Structure formats: structure tokens, C-alpha cells
Amino acid sequence: MIAEDKARLRAHMRRLRMTDDGPALAVPTVLRARLARSGIIASYLPIGGEIDPTPIVESALALGWRIAMPHVTNRAAPMRFLAWTPSDPLVAGPFGLRQPASDAPELVPDMILTPLVAFDLALNRLGQGAGYYDRAFAALPDALRIGVAWSVQQVPKVPVDAWDIALHAIVTEREWIGPDSL
């Protein structure tokens, strides 16, 4: 039943997400304070109506962070986070992704910016459905998990399976949802 609920919610929210073209994302004070301590931040390039995390990435770069981007080969292989700078070329990946070349150095992120299909106030997330981020979260338990979404993607309750891993916080174009410090 949860799988059917997730599939229906995913389809509805993808359509809804495609209709939103709101204001650019702002970097909340809480997140800006955490970025003052440098590290490695994993981000993504938006596709399919996802909100653009570029303002967060630019703030992180200005504060000395290194950037990693997801690299996917197929559904069975885990997602890796590979080093990337804005001047590095990107290559075509599966599912319409643009990603670093497979020979880029692998990095271990301190913070993972995660695109969302839907979220709730309990910091549960619904992703694309392939499980890449949940597997990455399980492999990197010390990384801060920050969801990035349009506010219209909030739902009362996300259906959750045993393997789903909640976020530490969510940022939308309107608000920060999470603790007052990271």
C-alpha cells in the first residue's frame, strides 16, 4: 500500500512542481552560519522542475567549501559524489542527469543538498523513487541531510518505508524547516 501511495503522490507532486516558478532560493541564516565552517557540500543540478540550489552552492564556494556532485551509472550501483567546480565540464548521465566525468575524484560530503519530490514537517522526504539518496544517507550517516524544495511540495504526511531516512532540515524559497542551529 505504501508503494502505491508513494507512486500516486510522486506523480501528483511532479506535475505540481513543474508549475512553480517562484522566487530564487535564499540562503537562510541558520544555513549560512553552518557554512562558516568549511567542508565538502554535495549539490545537484536541477531537472524536472526541481528548485535550483545555486545560491547555497555559491555561498559555500565563497566560504571555502569544496563541491561534489552526484554521479550515477545505473539503478543497481550506488550514487557516488564526485569533485566538481563551476569550470569543470559535465557529462550526460542516466535519467537526464548532467554529472562530473567518472574519473573525477570521489569526495565524502559533510553536507548533502537533496532535491525533493515532496516533504512533510517531520522532515520526511519523497524522492524520485530509485533509492539513491537513501542509500547514500545510510552510507554517510555523519553528513547533514538538507532537503531543497519549492514550498508547494509540502504535504501533510509523506508515506514512509522502513528504509527511508529523514532529513536534518529543509529549505524552500519561503522558509527554513529544521533546528535553529546545525
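This report describes a sheet, a helix packed on it, a pocket and one buried loop residue in a predicted model.

**The sheet**

Seven strands make up an open sheet of mixed pairing, and their order across it is 3-2-1-6-9-10-11. Its edges are strand 3 and strand 11, each of which pairs on one side only. As general background, the strands of a sheet pair through backbone hydrogen bonds, and the pairing may be parallel or antiparallel. Strand 2 and strand 3 run antiparallel and are joined by five bridges. Two positions in this pairing can be followed by name, since the residue opposite each one in strand 3 is listed below.

| Residue | Opposite residue in strand 3 |
|---|---|
| Met69 | Leu82 |
| Pro70 | Phe81 |

Although strand 3 is an edge strand, this strand is mostly covered, with four of its five residues buried.

**Helix 4 across the sheet**

Helix 4, which spans residues 132-139, has Tyr132, Tyr133, Asp134, Ala136 and Phe137 among its residues, and these five are buried. The helix lies across strand 2, strand 3, strand 6 and strand 9, and its direction makes an angle of about 165 degrees with strand 6. Its buried residues pack against strand 2 (66-71), strand 3 (80-84), strand 6 (111-115) and strand 9 (144-148), and also against strand 8 (125-126).

**The largest pocket**

The largest pocket holds about 740 Å³ of space. It is lined by 36 residues, of which Gln128, Gly129, Ala130, Tyr132 and Tyr133 are the closest to its centre. Tyr132 and Tyr133 are thus residues of the pocket lining as well as buried residues of helix 4. Several elements, namely helix 1 (2-19), strand 2, strand 5 (98-99), strand 8 and helix 4, each supply at least two residues of the lining. Helix 1 gives the most, contributing four residues.

**Thr172, a buried loop residue**

Where does Thr172 lie with respect to strand 10 and strand 11? Thr172 sits in the loop between strand 10 (169-171) and strand 11 (176-177). With a relative accessible area of 3%, Thr172 counts as buried, because that value falls under the 20% cut-off. Leaving aside residues up to four places away in sequence, Thr172 touches Leu25, Phe119, Ala149, Trp150 and Ser151. Within the loop, the side chain of Thr172 also reaches the backbone nitrogen of Arg174, at 3.0 Å.

Definitions and conventions: Residues numbered from 1 in each chain as written. Predicted model: local features only at pLDDT ≥ 70, side-chain atom pairs only at ≥ 80, totals over all residues. Heavy atoms only, no water. Buried < 20%, exposed > 50% of the residue type's maximum accessible area, 1.4 Å probe, protein only. Polar contact = N/O pair within 3.5 Å; in protein donor to acceptor, adjacent residues only side chain to side chain. Contact = heavy atoms within 4.5 Å. Pairing = 2+ DSSP bridges. Axes fitted to C-alpha atoms, helices over the stretch in contact; angles between N-to-C directions. 1 Å grid on protein atoms, 1.4 Å probe; cavity = no way out; pocket = protein on both sides within 12 Å on 5 of 7 lines; lining within 4 Å. Points joined across faces, edges and corners; volume = space filled by probe spheres on them.
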